[in-house]
Amino acid sequence: MKDIFGQALLDYQNGNYSEDLMTSTNISDKDELPLPYLFRSYAEMPALEQEALKLSRGKILDVGCGSGSHSLWLQDQGKTVKAIDSSKGAVEVAQQRGVINAELKPLLEETEKFDTILLLMNGTGIFQELSKVSQYLDHLKTLLQTDGQILMDSSDISYMYEDEDGGMWLDLNQGYPGELDYYLSYKGIEETPMKWLYLDFETLKTACLTVGLQCEKIKEGEHYDYLARISK
Ligand SMILES: C[S@@+](CC[C@H](N)C(=O)[O-])C[C@H]1O[C@@H](n2cnc3c(N)ncnc32)[C@H](O)[C@@H]1O
């Protein structure tokens with residue numbers, strides 16, 4: 001990985017904002033990911049994220065913290081937060097912005113226990129593909145205190161496979177429709193292609209049940225998105 005995501009965050013943080021990240025997937029064309037959005041305030045966050053933050057309690061883990069926007073708001077509310085990310089640049093930015101406990105660490109290497117674990121901005125993306133969901137959920141379970149909760153958002157993206165007549169062009173041989181190849185570029189440099197997973201709620205709930213976790217839908221967003229609470 002070249003960590004161009006982290007480089008873009010560092011540029012924005014250091015006042016060198018000149019262009020946005022570009023994203024595309026195997027089923028969608030190029031689109032801009034505006035850097036200011038990755039530095040959003042509470043008021044600028046989608047309602048699902050605001051709800052997740054309001055429900056956060058006890059010792060909190062912000063997984064894939066990015067620039068630390070969620071952690072900073074929680075810290076301001078007097079909460080105890082640990083923020084982790086696998087991007088070196090992201091962790092540097094989160095620290096520069098004032099996140100007290102931010103560590104360069106992939107989720108599967110975290111070992112502490114928490115009362116609330118947050119995975120926000122399509123939190124299931126970090127699982128990469130359907131075949132890895134059980135591994136990630138099993139690991140998250142080991143990080144939960146007895147009464148702990150995981151708050152995670154995602155979307156049912158089957159609408160992306162609809163054609164203009166309302167039919168579907170989904171190829172069932174291609175596997176689960178939420179498994180995407182994700183391409184990121186910045187200032188003409190292309191990141192190593194990644195896998196990024198969107199999970200519909202029913203699939204997430206079934207995956208949770210198979211590893212002995214409960215899953216409930218807390219809130220629906222405006223575009224097939226939802227916030228789920230997962231607990232033991
Ligand atoms: C879509 S961004 C969301 C950033 C932030 N949560 C936000 O809402 O602005 C996903 C983040 O997850 C991080 N990430 C991806 N895989 C990860 C992993 N296995 N462990 C920890 N962080 C990961 C990426 O580096 C990136 O910062």
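**Burial, pairing and the ligand shell**

Me: What makes β7 count as mostly covered in this predicted model?

Reply: Of the 12 residues of β7, 9 are buried. A residue is called buried if 20 or more other C-beta atoms lie within 10 Å of its own, and 9 of the 12 residues of β7 fall in that class.

Me: How do you know that β6 and β7 are paired?

Reply: Pairing requires at least two bridges between two strands. β6 and β7 are joined by 5 bridges, so they satisfy that requirement, and they run parallel. Within this pair, L118 is opposite L151 of β7.

Me: Why are β5 and β11 said to stand at the edges of their sheet?

Reply: The sheet is open, with 7 strands in the order β5-β4-β3-β6-β7-β12-β11 and mixed pairing. β5 (102–104) and β11 (214–220) each have a single partner strand, so one side of each lacks a neighbour in the sheet. Averaged over the sheet and with direction ignored, neighbouring strands are turned by 20° against each other.

Me: What makes β11 and β12 a pair, and in which sense do they run?

Reply: At least two bridges are needed, and β11 shares 6 with β12 (residues 225–231), so the two are paired, in the antiparallel sense. One of the bridge partnerships links E220 with Y226 in β12.

Me: How is helix α2 placed, and at what angle does it run to β7?

Reply: Helix α2 (residues 47–55) lies across β6 (114–119), β7 (144–155), β11 and β12. Relative to β7, α2 runs at about 175°. On a scale from 0 to 180 degrees between N-to-C directions, a value of about 175° means that α2 and β7 point in nearly opposite directions.

Me: Why are the buried residues of helix α6 said to line one face?

Reply: The buried residues in α6 (residues 201–210) are L204, A207 and C208. Viewed down the helix axis, they fall within an arc of 100°, so they line one face. The other side of α6 carries the exposed residues E202, T206, L209 and T210. Among the elements covering the buried residues are α5 (133–142), β7, β11 and β12. Just after α6, G212 has a positive phi of about 75°.

Me: Why do G167 and Y224 fall into separate burial classes?

Reply: The limit for an exposed residue is 12 or fewer other C-beta atoms within 10 Å. G167, in the loop between β7 and β8 (179–186), has 9 and therefore counts as exposed. Y224, in the loop between β11 and β12, has 16; this value lies between the limits of 12 and 20, so Y224 is partly exposed. Leaving aside residues up to four places away in sequence, Y224 touches S155, D156, I157 and Y159.

Me: What makes β1 and β2 a hairpin, and how many bridges does β1 share with β8?

Reply: β1 (residues 21–25) and β2 (residues 28–33) run antiparallel, joined by 4 bridges, and 2 residues lie between them. In this hairpin, T23 is opposite D31. β1 also pairs with β8 in the antiparallel sense over 4 bridges, with S24 opposite Y183.

Me: Which class of residue leads in the shell around the ligand?

Reply: The shell holds 17 residues, the closest being G64, G66, S87, L107 and M121. Nonpolar residues lead with 11, against 5 polar and 1 charged.

Methods
Residues numbered from 1 in each chain as written. Predicted model: local features only at pLDDT ≥ 70, side-chain atom pairs only at ≥ 80, totals over all residues. Contact = placed C-beta atoms within 7 Å. Near = placed C-beta within 6 Å. Nonpolar A, V, L, I, M, F, W, Y, C, P; charged D, E, K, R; others polar. Arc of directions from axis to C-beta.
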